[in-house]
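Biologist: I am new to this structure and would like to go through it with you. Could you show it to me?

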Amino acid sequence: MVVDNVQNIKVSVIIPVYNAEKYLANCLDSVIAQSTHNLEIICVDDGSTDKSASILKSYATQYSQIRSFCIKHQGVSAARNYALIHADGDWIAFCDSDDLVLPNAYNYMIKAAVKHNADVVVGGMYVLQNNNLNSFGYTNKQNVFSLFYSMPSLCNRLFRRELVKDIKFASLLAGEDVVFLTEVFNRVSKTISVPQYVYKYINREQDNHKSLTHCYSKKMF
């Protein structure tokens, strides 16, 4: 892909939501604030029983880039699969509804993807757990296997949509991220890393709050 202005490249950010009312606004604000202008934010409420759906409706009214859907509770994989069907960006990003996307994250990754004609871009990630902040960065010396599996999270990556649009998330109690990444790994032609940190994962298992993504995907950490 050769694009003169990376701002013309559309990124679809997929956010599955389940009972995340305490954290959802901060998450959405971090995505809305991205320097990437051509952005669509696809939120799929997976049958929340709290005020998550109301928060999404309010944000979708205020911000035209947000597309909000509600489905019957089926789990994080079903929510992501639903969002993938509706995504029409050139690139796909994933975000969990109680985490934060760091400033300029997608801009860093898009520029790198265009420069190197990559299919997948991975950036550094902060992990906050029990008040301890750990960092997981990448270098251009790491091999492709390491870039995929040293930190098997979807949310610090950007995927070319043509590569992943027909991959379905498996309905598992844990590990659906790894299964998805393995399918991508088997298809990808070129993966690169950026030195910037692009995502802040917040492990909230110490809270009574049990979000959809933390009950499933986040068991991997």
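Biologist: Where is Asn131?

Modeller: In this predicted model, Asn131 lies in the loop between β6 and β7, the latter covering residues 132-136. Its phi is near 65°, a positive value in a residue other than glycine.

Biologist: Is Asn131 buried or exposed?

Modeller: Asn131 counts as exposed, at 77% relative accessibility.

Biologist: And what about Asn117, what is its phi?

Modeller: Asn117 has a positive phi of about 50°, although it is not a glycine. Asn117 sits in the loop between α4 and β6, the strand of residues 120-129. With a relative accessible area of 46%, Asn117 is partly exposed.

Biologist: Let us turn to the interior. How many residues are in the largest nonpolar core?

Modeller: That core has 67 residues, and those with the most contacts inside it are Ile15, Phe94 and Phe159. Helix α4, residues 105-116, supplies the largest share of this core with seven residues.

Biologist: Which residues does Phe94 touch?

Modeller: Leaving aside residues up to four places away in sequence, the contacts of Phe94 include Ile14, Leu84, Leu154, Phe159, Phe169 and Tyr199. Arg80 is also one of the residues touched by Phe94.

Biologist: A different topic: how many disulfides are there?

Modeller: The count comes to zero. Cys27 is in no disulfide, and the nearest cysteine sulfur, that of Cys95, is 3.5 Å away. A disulfide would require the two sulfur atoms to be within 2.5 Å.

Biologist: Are Cys27 and Cys95 buried or exposed?

Modeller: Cys27 is buried, with a relative accessible area of 0%. Cys95 is buried, with a relative accessible area of 0%.

Key
Residues are numbered from 1 along each chain as its sequence is written. This is a predicted model: local features need pLDDT of at least 70, side-chain atom pairs count only at pLDDT 80 or more; totals for chains, interfaces and linings use all residues. Side-chain values use heavy atoms; hydrogens and water are left out. A nonpolar core is a set of buried Ala, Val, Leu, Ile, Met, Phe, Trp, Tyr and Cys residues joined through side-chain atoms within 4.5 Å. Buried means under 20% relative accessible area, exposed over 50%, partly exposed in between (1.4 Å probe, protein chains only). Helices (H or I, at least four residues) and strands (E, at least two) are DSSP runs, numbered from the N terminus. Contact means heavy atoms within 4.5 Å.
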